[in-house]
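Please walk me through this structure. I would like to see how its parts fit together.

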Amino acid sequence: MSNEREQHETRERILWAAKKEFAGKGYAGARMSSIAKKARANQALIHYYFNSKENLYQQVLYRLFGLERSELEQHDFEKFSMTAPQKLHAAIYLLVRLYTEATDPDMNRIISREVAEGRRFLNPLFRDYLIPRFERLVKVIEEGVAEGVFETRNPFLFVLQMIMFLMFISNNRETFQGSPYEERLYGEKGGERLYEYIVSQSFKGLRPEGGTLPVPPIPPEVCVDLDEFIRKIKEDQIGGTLND
């Protein structure tokens with residue numbers, strides 16, 4: 001194994017161990033000694049790669065939120081010529097797949113503990129990650145309103161409702177575990193049902209009074225591009241090639 005490959009795997013193993021420790025104990029309760037034991041690395045090596053517990057935690061959050069992909073995500077919608085309805089459909093396709101297929105299961109536990117500890121690290125990430133997503137989608141809705149193909153009084157609240165609904169579904173898998181709704185929401189067809197529902201309700205909600213708003217197909221080249229983006233997101237998940 002090359003030295004560069006070995007360093008990469010060591011760093012990934014540390015990030016994976018840190019993710020598990022922070023998910024189980026939160027930032028305040030996490031111990032570097034426990035992370036070192038899980039990662040099969042000494043603490044000096046962890047400090048060599050990440051300098052401090054705070055920086056290690058920030059790097060875990062950064063990876064969980066996929067911030068290194070945010071520019072790619074924005075580029076996906078700008079490099080193709082699409083109408084506002086096509087952009088909305090493509091955005092829903094991407095968001096549903098992100099929340100149902102490419103969200104690390106430890107992310108929700110870490111977020112819950114971070115909220116309980118005062119959101120010190122979460123608030124800046126929301127500004128860097130969530131708000132820009134809102135803004136890009138809001139601009140799509142505003143574009144459609146300006147063209148007369150969408151009708152809504154408040155594009156921001158429309159987008160917020162969609163995102164919050166997806167986050168609720170993603171964050172509450174354990175809540176529905178063992179209930180009659182678990183299979184409907186998280187079973188083999190759960191993501192497909194969720195996608196179809198959000199597309200249907202979004203286009204109904206934006207349809208101009210007395211007008212029509214058909215759901216346009218997403219251009220094939222856009223689907224291919226977004227599928228590749230999702231694949232890369234999955235590859236980037238912390239510890240994806242390591243044994244739990």
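Domain 1 and domain 2 bury about 1,400 Å² between them. Carbon and sulfur atoms account for 62% of that area. On the domain 1 side, Lys19, Ala23 and Leu61 lose the most area to domain 2. Together these three make up 38% of what that side buries. This is a predicted model, and the bounds of its two parts come from a domain assignment: domain 1 covers 1–61 and domain 2 covers 77–239.

Now count the residues that touch. In domain 1, 17 residues are in contact with 12 residues of domain 2. The centres of the two domains, taken over C-alpha atoms, are 31 Å apart.

The interface also has charged and polar pairs. Four salt bridges are counted between domain 1 and domain 2. A salt bridge joins the side chains of Lys19 and Asp106, at 3.4 Å from N to O. Lys19 is also among the three domain 1 residues that lose the most area to domain 2. Nine residue pairs are in polar contact across the interface, with both residues at pLDDT 80 or more. Which helices supply at least two residues each of the side of domain 1 that touches domain 2? They are helix H1 (3–29) and helix H4 (53–64). H1 gives the largest share of that side, with 12 residues.

Next, step back to the whole chain. Its secondary structure comes to 13 helices and zero strands. Read along the sequence, the pattern is therefore α-α-α-α-α-α-α-α-α-α-α-α-α, given how helices and strands are assigned. The C-alpha atoms fill a box of roughly 65 × 40 × 35 Å along the principal axes. Of the 244 residues, 45% are buried. Take the contacts with a separation of 6 or more: 73% of them link residues 24 or more positions apart.

Helix H6 makes a good close-up. It runs over residues 84–101, which is 18 residues. At 1.5 Å a residue, H6 should span 26 Å. Its end C-alpha atoms are 25 Å apart, so the span agrees with the expected value. H6 is mostly covered, with 16 of its 18 residues buried.

Gln86 lies in helix H6. Is Gln86 buried or exposed? Its relative accessible area is 17%. Buried means under 20%, so Gln86 counts as buried. What does Gln86 contact, leaving aside neighbours within four places in sequence? Its partners are Ser81, Pro216, Pro217 and Pro219.

Methods: Residues are numbered from 1 along each chain as its sequence is written. This is a predicted model: local features need pLDDT of at least 70, side-chain atom pairs count only at pLDDT 80 or more; totals for chains, interfaces and linings use all residues. Side-chain values use heavy atoms; hydrogens and water are left out. Helices (H or I, at least four residues) and strands (E, at least two) are DSSP runs, numbered from the N terminus. The expected span of a helix is 1.5 Å times one less than its number of residues. Buried means under 20% relative accessible area, exposed over 50%, partly exposed in between (1.4 Å probe, protein chains only). Contact means heavy atoms within 4.5 Å. Domain bounds come from an automatic or database domain assignment. Buried area is the accessible area (1.4 Å probe) that two parts lose on being put together, summed over both. A polar contact is a pair of N or O atoms within 3.5 Å; within protein, one must be able to donate a hydrogen and the other to accept it, and residues adjacent in sequence count only if both atoms are side-chain atoms.
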